[in-house]
Protein chains: 2
Amino acid sequence: MPRRVDHEERRRRIAGALWRIASTRGLERASLREVAAEAGISLGQLQHYFAGREEMLRFTLEHFGAVSEQRIQARLAAGYPEPTPRAVLREIAAELLPLSEEQRIGLRVQLGYFVRVLHDEALRPYAREGALALRGVLVDQLRLAAGRGELVAGADPEREAVLLLALTDGLANAVLLDVLDPERAMDLVDAHLGRLFSGAG
Amino acid sequence: MPRRVDHEERRRRIAGALWRIASTRGLERASLREVAAEAGISLGQLQHYFAGREEMLRFTLEHFGAVSEQRIQARLAAGYPEPTPRAVLREIAAELLPLSEEQRIGLRVQLGYFVRVLHDEALRPYAREGALALRGVLVDQLRLAAGRGELVAGADPEREAVLLLALTDGLANAVLLDVLDPERAMDLVDAHLGRLFSGAG
């Protein structure tokens, strides 16, 4: 189905254009018109691929979310013959921190989107769903770890998932504001995981 | 100096108008013109009090920062005859979480500002200074606690200040997104403080 492939490829190119604008000038500047110009196509052409701004924004976030997931999978495949729950959690946290320029850009775009979501009830359910899905992945890994006896006594997987995500989120903001080194943020995540993964098993 | 008082009072009223717009429609919508309309004054009158949008924004954040501090002081005075470092840290964290509608609004405005800061090099130093000042307050309290033998063995005040702020920040975002109850966020902060304040002293 070459036409379908072309369609998706074009949508990804448009998503890339939106991403570049959002990361440099801010998400509010990424109008359909500006994105079309950045992607080197006409507004009419862009509207052939996306009915409106919200649809374009959602596709972009989903696309870069998928790219993020692939990076995690690739790092796990490269670094761990059999990834443990701890390794998976560490790589997810590493992906959520602005350790590289690419991640820093990604987080800036996501924060712009987050602020939009807070003022837009219609977008909220979609963003909630994404946050809860990510939390679910962490809960699964933590349950697996608990089953293997790897967690410290009394650790609750649901609760620890919330804590790890909140900690990573807050550390990411501190790095973005340049009040914390990226390496130090990762050290703090590692120390946190070290305390959590100190079970007798 | 009644004229000076009037001047400050008018600036606070304008700050209130900006706050209302930012919390409902988003910070990007709070132009000088919109704020003047919301405050019930002319654009020319507003410009008598603020030379530009950035100055107005800074004053607003400083004003509501001071209001926040007063709330913390009032809660400490009401709830603790002699506030311990742990009580001070708890009340600061409680102030930073969206536990009330007023705090939820405040955090939304601050997040809008944070995103602006990330795209604006000129604003960055001001925001960094605020974040480092807050961290400094926490470090001082944690050093005091360490001196009193209240902290768990091996706890480093600098590091624990970064962790507590990051955790609170991340939990606040989860509450804003409605994926975490405010009460549960506060429970998690209390549990975190409980583990940290388990020194022999």
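**View 1. Where chain A meets chain B in this predicted model.** Each side puts in its share here: 31 residues come from chain A and 31 residues from chain B. On the chain A side, three helices each bring at least two residues to the contact, namely H6 (101-118), H7 (124-147) and H8 (157-176). H8(A) gives the largest share, with 12 residues. Sort the chain A side by residue class and you get 18 nonpolar, six polar and seven charged.

**View 2. How the two copies are related.** Give chain A a turn of 180 degrees and a shift of 0.0 Å along the axis, and it lands on chain B with an RMSD of 0.0 Å. The pair is therefore related as by a two-fold rotation axis. Both copies use the same surface, too: 100% of the contact residues of chain A turn up again in chain B.

**View 3. H5 against H7 inside chain B.** Now zoom in on helix H5 (residues 85-96) and helix H7 (residues 124-147) of chain B, whose axes come within 9 Å and cross at roughly 155 degrees. Angles over 145 degrees count as roughly antiparallel, so that is how H5(B) runs relative to H7(B). The crossing itself is left-handed.

**View 4. Side by side: the residues joining H5(B) and H7(B).** From H5(B), the players are Pro85(B), Arg86(B), Val88(B), Leu89(B) and Ile92(B). They meet Leu138(B), Gln141(B), Leu142(B), Leu144(B) and Ala145(B) in H7(B). By class, this helix-helix contact has eight nonpolar residues, one polar and one charged.

How values were computed: Residues are numbered from 1 along each chain as its sequence is written. Chains are lettered from A and ligands numbered from 1 in the order in which they are written. This is a predicted model: local features need pLDDT of at least 70, side-chain atom pairs count only at pLDDT 80 or more; totals for chains, interfaces and linings use all residues. Two residues are in contact if their C-beta atoms, placed from the backbone, lie within 7 Å. Helices (H or I, at least four residues) and strands (E, at least two) are DSSP runs, numbered from the N terminus. Ala, Val, Leu, Ile, Met, Phe, Trp, Tyr, Cys and Pro count as nonpolar, Asp, Glu, Lys and Arg as charged, and the others, Gly among them, as polar. Axes are lines fitted to C-alpha atoms, for helices over the stretch in contact, and angles run from 0 to 180 degrees between N-to-C directions. Angles under 35 degrees count as roughly parallel, over 145 as roughly antiparallel, 65 to 115 as roughly perpendicular and the rest as oblique. A crossing is left-handed if the near helix is turned anticlockwise from the far one by less than a right angle, and right-handed if clockwise. Copies are superposed by least squares on the C-alpha atoms of residues with pLDDT of at least 70 in both.
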